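Trainee: Could we go through this model together, one question at a time? I would like to see how you reason from the coordinates.

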Amino acid sequence: MAPTQVLRCCQRGLAWIPVIFIALVVCWSYYAYVVELCIFTITSIGEQIVYLIFFHLSFIMFVWSYWKTIFTKPANPSKEYCLPKAEKELYEKEERPDSQQEILSQAASSLPLYTRTGAGAIRYCDRCQVIKPDRCHHCSACDMCVLKMDHHCPWVNNCVGFSNYKFFILFLAYSLVYCLFIAATVLQYFIKFWTNELPDTHAKFHVLFLFFVAAMFCISILSLFSYHLWLVGKNRSTIEAFRAPVFRTGSDKNGFSLGFRKNISQVFGDQKKYWLLPIFTSQGDGLTFPTRLVNADAEQATVSLHSEPNKSAADISVSPLSESQNRLLSNEQHANNIGDHLVNNTFKSAESETITISMESES
């Protein structure tokens, strides 16, 4: 086995250490709460039952969402974003950046791409040898391009992106609920043990330490959870929060923002009954995303009026929109405004004008 492969295997093994640590802490917290607190410390049967029911509900949802975050494979670009064999060979042989960009531009002409590099070039991954879809980035830890990559999280040993971002948000939410519930219910017994109202038993250490651990994790998770809720409301990834995406019209940190409600639906879906369950309900395919800048792009749809007195209103020629462009034009208010504008102009020019809608192909 080559040294690089051995090193890679060691890195993959060491990457599981944070996950194993969290798993051990969770297992110990389960024992400390159920056995040491509820069974050996609490004397009221009614209190035991209530605590155990709510504890297990939060525990199950926390473990479920954590499991889904860890073991959901990151989504990768589809085959249509790979360079054809002929273009790939030309790209590898070509040494001039301008010529390479011409090859990439031709290959990407049929793809729904709206973001560019800081220099305005096509985003291409030399490592994975794929044209990067919008919001896609290469993860050096996973050694792959990840759709709508947010960040690589060592605590789940996985890339957080399009396929598991909802699971990650729910993992933070239920871990916060889990820690808050433990801290709130253990507090009174923590005080009793601390003030020696309860006798010293083997449960004392577990109860005292359980409160400290729950409170510590609660504070750290609260800040992270609040930050990601803010990102969801803005429809940004962590990468986009630090480096605004660059469109053909320039960089814009709010380029993918569709309004608060639609931004929430992008991650959690339209059916609210599934929002709190760690099952995939996010909108889209991870390759294309609605953007409020699509219609401001000079290379996108344009509407032009040509005066032709010899033609009637029936002579209306319409160039159909491509499937990807239809998917991206999802702003309902803007679509309604365009529809009203076309209807009004059609009736006004029934005898003298014809409306031609032309769609210029992306370069």
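**Helices, cores and salt bridges**

Mentor: Gladly, and let us begin with His206, which lies in helix α7 (residues 202–234); helices (H or I, at least four residues) and strands (E, at least two) are DSSP runs, numbered from the N terminus. This is a predicted model, where local features need pLDDT of at least 70 and side-chain atom pairs count only at pLDDT 80 or more, while totals for chains, interfaces and linings use all residues. Residues are numbered from 1 along each chain as its sequence is written, and side-chain values use heavy atoms, with hydrogens and water left out.

Trainee: Is His206 buried or exposed?

Mentor: Buried means under 20% relative accessible area, exposed over 50%, and partly exposed in between (1.4 Å probe, protein chains only). With a relative accessible area of 15%, His206 is buried.

Trainee: Which residues does His206 touch, not counting residues up to four places away in sequence?

Mentor: Contact means heavy atoms within 4.5 Å. On that basis, the partners of His206 beyond four places in sequence are Trp28, Tyr31, Ala32 and Glu36.

Trainee: Where does α2 bend?

Mentor: α2 (17–39) is one of the helices that supply at least two residues to the largest nonpolar core. The bend at a residue is the angle between axes fitted to the seven residues ending there and the seven starting there. In α2 that angle is about 25°, and the place is Ala32.

Trainee: Against which helices do the buried residues of α2 pack?

Mentor: The buried residues of α2 include Val19, Ile22, Val26 and Ala32. Their packing partners are α3, α6 and α7.

Trainee: How far apart in space are Phe59 and Tyr30, C-alpha to C-alpha?

Mentor: Phe59 sits in helix α3 (residues 45–71) and is buried, at 18% relative accessible area. Leaving aside neighbours within four places in sequence, Phe59 is in contact with Val26, Tyr30 and Tyr178. Phe59 and Tyr30 are 29 residues apart in sequence, and their C-alpha separation is 8.4 Å.

Trainee: Which helix gives the most to the largest nonpolar core?

Mentor: A nonpolar core is a set of buried Ala, Val, Leu, Ile, Met, Phe, Trp, Tyr and Cys residues joined through side-chain atoms within 4.5 Å. The largest one has 50 residues, with Tyr33, Phe55, Tyr165, Ile182 and Val186 having the most contacts inside it. Giving the most to this core, with 18 residues, is α6.

Trainee: How many residues does the second, separate core have?

Mentor: Leu104, Cys136, Cys145 and Leu147 are among its members. The size of this second core is 23 residues.

Trainee: How many residues apart in sequence are the parts that Glu240 and Arg135 tie together?

Mentor: A salt bridge is a side-chain nitrogen of Lys or Arg within 4 Å of a carboxyl oxygen of Asp or Glu, and Glu240 forms one with Arg135, the closest N and O atoms being 2.8 Å apart. Glu240 lies in helix α8 (residues 238–242) and Arg135 in the loop between β3 and β4, so the parts they tie together are separated in sequence by 105 residues.

Trainee: Are Glu240 and Arg135 buried or exposed?

Mentor: Glu240 has a relative accessible area of 4%, and for Arg135 the value is 3%. Glu240 is therefore buried, and Arg135 is also buried.
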